[in-house]
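Q: Could you take a close look at one small part of this model for me, and then walk outward from there? I'd like one connected tour rather than a list.

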Amino acid sequence: MLGISFPVFQGGMAWIADAQLASAVSEAGGLGIIAAGNADGEYVRKEIRKAKEMTDKAFGLNIMLLSPFADEVAQIAADEKVKVITTGAGNPAKYIRLWKEAGIKVFPVVPSVAFAKLAERNGADGVIAEGGESGGHIGEMSTMALVPQVCDAVSIPVIAAGGIADGRGVAAAFALGAEAVQLGTRFLSATECNIHENYKAKVLKAGDTATMVTGRRLGHPVRSIRNQFAREYSKIEYTEISDKELEEFAAGRLRMAVQDGDEKQGCFLSGQIAGLVTKEESCREIIEDLIRDAEGVLGGLGQWVK
Ligand code: TUI
């Protein structure tokens, strides 16, 4: 469907997944995805054009639907005819006709079976079933429970996401019925990933319980590495503080992490699988390693088959 060599999507991480990371993943045979995040249309158009210079292969654009620029970015994606759009944090129904008319393949991230069915009815080409092990904005389901139920509920391809960072995770996703995987946290350690060195170091150092979830009160739970900011947020979250003040407290924190590497004040989004991410490697090494190891795991039952 997409002309990619390997069934691996790189997650559309806001302020992180730029033209350099996306083109490196696509050049390595996966599907690189530029993240629009909360950025305006001009930033997104520039990144799309940069990626077109850097690779002839297909790449995607992730549109974060809570962004104040979502309408503008949705139109730019159609004008620029990106090959693939993924969406996060909402329902992309109102844009799907625009994107389909531009010949774009559409893959909404879905946090539940109901949402997956809705996406299929609305004309999505596939769904990304993302469990709450992932970093950033999360749903309530775990990947292990969500993926097989979504696979049974829809007949379009299912891409599994959340808690996958190595070949074992890829094999598990395929065992659950997925046709591809999406990884975010593993690509944070890529040499081509332009995050501040402090961010990379934090991910490389993180263990299994390094992350926590904040933001449930405002309806947008977000998983990030436990630090001063995350602790302070969680301390004030259920006090008498107003919604507006709480939002203001969190505003701009991801950029502080990604661009300034501010270990105390920044919000370092990461999945629970960060404990498996222990070295910096190129996107090519990451993808080749995933596929080789997954094949080893899936083929590993041969000795038991009579
Ligand atoms: O979107 C993500 N991950 C993200 S978005 C983000 S930026 C952000 N900043 C502040 C608040 C919220 C987000 C950082 N990380 N992943 C895809 C994803 N989509 N996970 C869960 C969902 C989702 C949740 C609810 C998709 C649809 C949905 O629909 C329910 C509804 O009522 O809209």
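A: Start with the side chains of T55 and E27, which are joined by a polar contact of 2.6 Å. Keep in mind that this is a predicted model, so every distance here is computed from its atoms. T55 sits in the loop between α2 and β3. Its side chain also reaches the backbone nitrogen of K57, at 2.9 Å. So the T55 side chain has a polar partner in the side chain of E27 and another in the backbone of K57. Is T55 buried or exposed? T55 counts as buried because its relative accessibility is 4%, and the cut-off for buried is under 20%. Setting aside neighbours within four places in sequence, T55 is in contact with S23, S26 and E27.

That leads to helix α1, which spans residues 19-27. This helix is mostly covered, with seven of its nine residues buried. The buried ones are A19, L21, A22, S23, A24, V25 and S26, so S23 and S26, two contacts of T55, belong to that set. What lies over the buried residues of α1? The cover includes the strands β1 (8-10), β2 (32-35) and β3 (59-64), along with the helices α2 (41-54), α8 (185-188) and α13. Just past the end of α1, G29 takes a positive phi of about 105°.

One α1 residue, L21, also takes you into the wider packing. The largest nonpolar core has 59 residues, and L21 is listed with I16, V127, V150, F187 and Y199 as having the most contacts inside it. Helix α13 (residues 283-299) gives the most to this core, with five residues. Y199 is worth a click too: leaving out residues up to four places away in sequence, Y199 touches I16, L188, L254, A257, V258, F268 and L269. There is also a second, separate core of 25 residues, which includes F59, I63, I76 and A77.

Back to α13, since that helix also helps cover α1. A294 lies in α13 and counts as buried because its relative accessibility is 5%. Beyond residues up to four places away in sequence, A294 touches G167, V170 and A171. If you want a sequence-versus-space check, A294 and E179 are 115 residues apart in sequence, while their C-alpha atoms are 13 Å apart.

For a contrast in burial, try R216, in the loop between β10 (211-214) and β11 (222-225). R216 is partly exposed, with a relative accessible area of 41%. Not counting residues up to four places away in sequence, R216 touches E140, P221, E237 and Y238. With E140 there is a polar contact between side chains, at 3.4 Å.

Last stop, the ligand. Of the 14 residues around the ligand, A89, V109, F115, E130 and H137 come nearest. That shell divides into seven nonpolar, six polar and one charged. On the polar side, a ligand nitrogen is 3.0 Å from a polar backbone atom of A89, and a ligand nitrogen is 3.0 Å from an N or O atom in the E130 side chain. A backbone N or O atom of H137 lies 2.9 Å from a ligand nitrogen. On its own the ligand has 710 Å² of accessible area, and the protein covers 71% of it.

How values were computed
Residues are numbered from 1 along each chain as its sequence is written. This is a predicted model: local features need pLDDT of at least 70, side-chain atom pairs count only at pLDDT 80 or more; totals for chains, interfaces and linings use all residues. Side-chain values use heavy atoms; hydrogens and water are left out. A residue is near a molecule or strand if one of its heavy atoms lies within 4 Å of it. A polar contact is a pair of N or O atoms within 3.5 Å; within protein, one must be able to donate a hydrogen and the other to accept it, and residues adjacent in sequence count only if both atoms are side-chain atoms. Accessible areas come from the Shrake-Rupley method with a 1.4 Å probe; for residues, only the protein chains shown count as cover. Ala, Val, Leu, Ile, Met, Phe, Trp, Tyr, Cys and Pro count as nonpolar, Asp, Glu, Lys and Arg as charged, and the others, Gly among them, as polar. A nonpolar core is a set of buried Ala, Val, Leu, Ile, Met, Phe, Trp, Tyr and Cys residues joined through side-chain atoms within 4.5 Å. Buried means under 20% relative accessible area, exposed over 50%, partly exposed in between (1.4 Å probe, protein chains only). Helices (H or I, at least four residues) and strands (E, at least two) are DSSP runs, numbered from the N terminus. Contact means heavy atoms within 4.5 Å.
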